[in-house]
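Please look over the model below and keep it in view while reading. The report that follows goes through its strands, some of its residues and its overall make-up.

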Amino acid sequence: MEKDQYEIMRRIEDSFWWYVGMRRIVSALLPPLVPGGASWRILDAGCGTGATLDFLAPRGAVVGVDIAAEALSHCHERGHRLVSRGSIEQLPFPGASFDLVTCFDCLHVGREECAVLGRQRMGFSTPRTTISGYGGPIQ
């Protein structure tokens, strides 16, 4: 993504219909996956400028990863400190580090990236992964 697009994303993601609509859809899907009162370890892969981190934070300990330093600076401005620079293809975490992995609106997510994300949540008795892109659910 072009560097100036992160500034635009940060400015509109709290009110633009696409982002608001995606969070509403995910709000309807998450309750059966993330029971109330549970404190989950959650990875938002491709976290962008941090709106999804804000949205997921009440559900557990949220970690973000994004390849763009510009995106992560916006996450820091939002108060998120558990963010790392890295690619979805080579996440900087050992497998089975998270109970829930999300990846929203990352245009480059393909089969290999889905396999990498899936390995992040293997080893749990009730693994859950939600991966979504512009074309709808991938996995």
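## Strands S2 and S3

In this predicted model, strand S2 and strand S3 (residues 83-85) run parallel and are joined by 3 bridges. One pair of partners can be named: glycine 64 has valine 83 in S3 as its bridge partner. Between the two strands comes a helix, and S2, helix H4 (residues 69-77) and S3 together make a β-α-β unit that is right-handed.

How many residues of S2 are buried? The count is 6 of its 7 residues, and the strand is mostly covered.

## Strand S1 and its partners

Strand S1 covers residues 40-45, and 5 of its 6 residues are buried, so the rest of the structure largely encloses this strand. S1 pairs with strand S2 (residues 60-66) in the parallel sense, over 6 bridges. The chain gets from S1 to S2 through helix H3 (residues 51-56), and this β-α-β crossover is right-handed. Within the pairing of S1 and S2, tryptophan 40 stands opposite glycine 60 in S2, and arginine 41 stands opposite alanine 61 in S2.

S1 also pairs with strand S4 (residues 100-104), again in the parallel sense, over 3 bridges. Here aspartate 44 stands opposite threonine 102 in S4.

## Isoleucine 42

Isoleucine 42 is found in strand S1. Is this residue buried or exposed? Isoleucine 42 has a relative accessible area of 0%. The cut-off for buried is under 20%, so isoleucine 42 counts as buried.

Which residues does isoleucine 42 touch, not counting those up to four places away in sequence? They are Leu56, Arg59, Gly60, Ala61, Val62, Val63, Phe98 and Leu100. One of these, phenylalanine 98, is 56 residues apart from isoleucine 42 along the chain, while the C-alpha atoms of the two are separated by 5.5 Å.

## Glutamate 13

Glutamate 13 has its place in the loop between helix H1 (3-12) and helix H2 (17-33). With a relative accessible area of 4%, glutamate 13 is buried.

What does the side chain of glutamate 13 make polar contacts with? One contact is with the side chain of threonine 49, at 2.4 Å. Another is with the side chain of arginine 78, at 2.8 Å. Leaving aside neighbours within four places in sequence, the residues in contact with glutamate 13 are Tyr19, Arg23, Thr49, Gly50, Ala51 and Arg78.

## Histidine 80

Histidine 80 lies in another loop, the one between H4 and S3. Its relative accessible area is 14%, and histidine 80 is buried. The side chains of histidine 80 and aspartate 54 are joined by a polar contact of 2.5 Å.

Not counting residues up to four places away in sequence, histidine 80 touches Gly50, Leu53, Asp54 and Cys75. From C-alpha to C-alpha, histidine 80 and alanine 57 are 9.7 Å apart in space, and they are 23 residues apart in sequence.

## Cysteines

Cysteine 75, one of the residues that histidine 80 touches, is buried, with a relative accessible area of 0%. Which cysteine sulfur is closest to that of cysteine 75? It is the sulfur in cysteine 47, at 3.9 Å, which is too far for a bond. For a disulfide, the two sulfur atoms must be within 2.5 Å. A search of the whole structure finds 0 disulfides.

Cysteine 103 is buried as well, with a relative accessible area of 0%.

## The protein as a whole

The protein has 5 helices and 6 strands. Along the sequence, they follow the pattern α-α-β-α-β-α-β-β-α-β-β. The crossover from S1 through H3 to S2 and the unit made of S2, H4 and S3 are parts of the chain already described above.

The protein has 139 residues, of which 49% count as buried. Its exposed area is about 7,400 Å², and carbon and sulfur atoms supply 56% of that area. Among contacts between residues at least 6 apart in sequence, 58% join residues at least 24 apart.

Definitions and conventions:
Residues numbered from 1 in each chain as written. Predicted model: local features only at pLDDT ≥ 70, side-chain atom pairs only at ≥ 80, totals over all residues. Heavy atoms only, no water. Buried < 20%, exposed > 50% of the residue type's maximum accessible area, 1.4 Å probe, protein only. Helix = DSSP H or I, 4+ residues; strand = E, 2+ residues; numbered from the N terminus. Pairing = 2+ DSSP bridges. Right-handed = clockwise from strand over helix to strand, strands pointing away. Polar contact = N/O pair within 3.5 Å; in protein donor to acceptor, adjacent residues only side chain to side chain. Contact = heavy atoms within 4.5 Å. Areas by Shrake-Rupley, 256 points an atom, 1.4 Å probe, with all protein chains shown as cover.
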